[in-house]
Amino acid sequence: DPNNYYHRRNEMTTTDNLDFKHHNYKEMRQLMKTVNKMCPNITRIYNIGKSNQGLKLYAVEISDNPGEHEVGEPEFRYIAGAHGNEVLGRELILLLMQFMCQEYLAGNPRIVHLIEDTRIHLLPSVNPDGYDKAYKAGSELGGWSLGRWTQDGIDINNNFPDLNSLLWESEDQKKSKRKVPNHHIPIPDWYLSENATVAVETRAIIAWMEKIPFVLGGNLQGGELVVAYPYDMVRSLWKTQDYTPTPDDHVFRWLAYSYASTHRLMTDARRRACHTEDFQKEDGTVNGASWHTVAGSINDFSYLHTNCFELSIYVGCDKYPHESELPEEWENNRESLIVFMEQVHRGIKGIVKDVHGKGIPNAVISVEGVNHDIRTGADGDYWRLLNPGEYVVGVKAEGYTTATKTCEVGYDMGATQCDFTISKTNLARIKEIMKKFGKQPISLSMRRLRQRARQWRQQ
């Protein structure tokens, strides 16, 4: 019961001596340097690319081994500022990196445990060009849209390839030769062409998503108080709003609720709705497509192209709150930001190895009854987010025998270990031996034809 487990809204004791102000680009960079200087052993600053105007898209990594992926350790990301004028998310991420550093140094066991067991990536400003416009106008004069888009007028939030349509068309035309997998769907060629209307910021995010084996992510947005989970695109061509669940709908609903239920206001039935919509019936959560359909969202793309489950977290009614309101907004979101990160340790995890103990990359992990697979990383490790229950898990890899086992997910935090050792198929072994001696394996049909030819000559 999440109410018993998570309603510890103010359990965390902290002095929260943080820098509560709006940071322009230069100040943001300086703050990152300060955090890195305070906690050099657990932080690293890096950039994932540049904006249209050439500003670097800086991220801070928080981990006990910064700069490297540790086998068996899941990777988490928070991003903010895809809409440059939604500035609260940016400040919350900057506050979070300060908070994590301070609490780690203070020996807070919860934070120490999280940093030692997780590789966390925080990207506070995806659209620094848009933020710059909003920042110049300020909290009072900035409108609903000033700075929302990139410098070349693109909305990053739904600038990703529409993989939903490819998947659904394939599912609807079952006899179609062009079978689309239910996961890791390739990006279409038209999207990769230079003429495609794709922001440089979007391309940078995609390259980042493909490089790092993220398991869970949240993109912080503003102007509302709700957590939206995929799909964000309606499957029906004739509707603009329709509940469109992923095969992992129960997991996504749990993830959304884990944030909303620990936020100080999201699930409070007495609070005033931000605008006209009231999200109380689903406890501060909403299926994206049932709210308003969007093609090419970051959430749908992340789910269909990578292993990462991503949700949109709308952290406050006001897109650009006054500086004096930042401490209260931090209090509202602090516990939720931590709890949501902890969810990366829910479900099953493991390593797929061959008989010599070597990890097998790109092996497909499937869960019976869930039409969405994931793949192992470069070292053969994987993480599969699942709610508590018993699951039949299968693994297959090219040239290897398939294997299945039953894995149980409990209610306690911490993913269940579910490892596999698989051996090469006979054909794969024969091919390996023949290759070693510079020969090609003879197919059975060729062997029969030669045998018949010999018999014919003898007659």
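Here a visitor asks a guide about a cavity and some ring contacts in this predicted model.

Visitor: How many cavities of 30 Å³ or more does the structure hold?

Guide: Just one cavity of 30 Å³ or more turns up. The largest cavity has a volume of about 50 Å³.

Visitor: What makes a residue part of the lining?

Guide: A lining residue needs an atom within 4 Å of a cavity point. Among those that pass for the largest cavity are Ile 79, Ala 80, Asn 157, Leu 220 and Ile 298. Strand S3 (75–80) and strand S5 (214–221) each supply at least two lining residues, and S5 gives the most, with three.

Visitor: How many of the lining residues are nonpolar, polar or charged?

Guide: The lining of the largest cavity has seven nonpolar and four polar residues, and no charged ones. Gly counts as polar here, so Gly 81, which is in the lining, goes with the polar group.

Visitor: Let's move on to rings. Why is the pair of Tyr 78 and Phe 340 called stacked?

Guide: Well, 18 aromatic pairs are found in the whole structure. Tyr 78 and Phe 340 are 6.2 Å apart, centre to centre, with 25° between the planes. Rings pair if their centres lie within 6.5 Å, and planes under 30 degrees apart count as stacked, so this pair passes both tests.

Visitor: Which parts does that pair tie together?

Guide: Tyr 78 lies in strand S3 and Phe 340 in helix H12 (residues 326–342), so the pair ties together parts that are 262 residues apart in sequence.

Visitor: How do you know whether Tyr 78 is buried or exposed?

Guide: Buried means under 20% relative accessible area. Tyr 78 has 0%, so Tyr 78 counts as buried. Phe 340, also with a relative accessible area of 0%, is buried too.

Visitor: And what makes Phe 252 and Phe 309 a stacked pair?

Guide: Their ring centres are 4.9 Å apart and their planes are at 25°, so the stacked label fits. Phe 252 is in helix H9 (residues 249–260) and Phe 309 in strand S8 (residues 309–316), so the pair ties together parts 57 residues apart in sequence. Both Phe 252 and Phe 309 are buried. Ring pairs also link Phe 252 and Phe 309 into a cluster with Trp 168, Tyr 231 and Tyr 303.

Visitor: Why do you say Arg 77 lies over the face of Phe 214?

Guide: CZ of Arg has to be within 6 Å of the ring centre and within 35 degrees of the ring normal. Arg 77 is listed over the face of Phe 214 at 4.7 Å from the ring centre, so the distance fits that limit. The charged end of Lys 405 likewise sits over the ring of Phe 420, 5.1 Å from its centre.

Note on methods: Residues numbered from 1 in each chain as written. Predicted model: local features only at pLDDT ≥ 70, side-chain atom pairs only at ≥ 80, totals over all residues. Heavy atoms only, no water. 1 Å grid on protein atoms, 1.4 Å probe; cavity = no way out; pocket = protein on both sides within 12 Å on 5 of 7 lines; lining within 4 Å. Points joined across faces, edges and corners; volume = space filled by probe spheres on them. Helix = DSSP H or I, 4+ residues; strand = E, 2+ residues; numbered from the N terminus. Phe/Tyr/Trp six-rings, centres within 6.5 Å; stacked < 30°, edge-to-face > 60°. Buried < 20%, exposed > 50% of the residue type's maximum accessible area, 1.4 Å probe, protein only.
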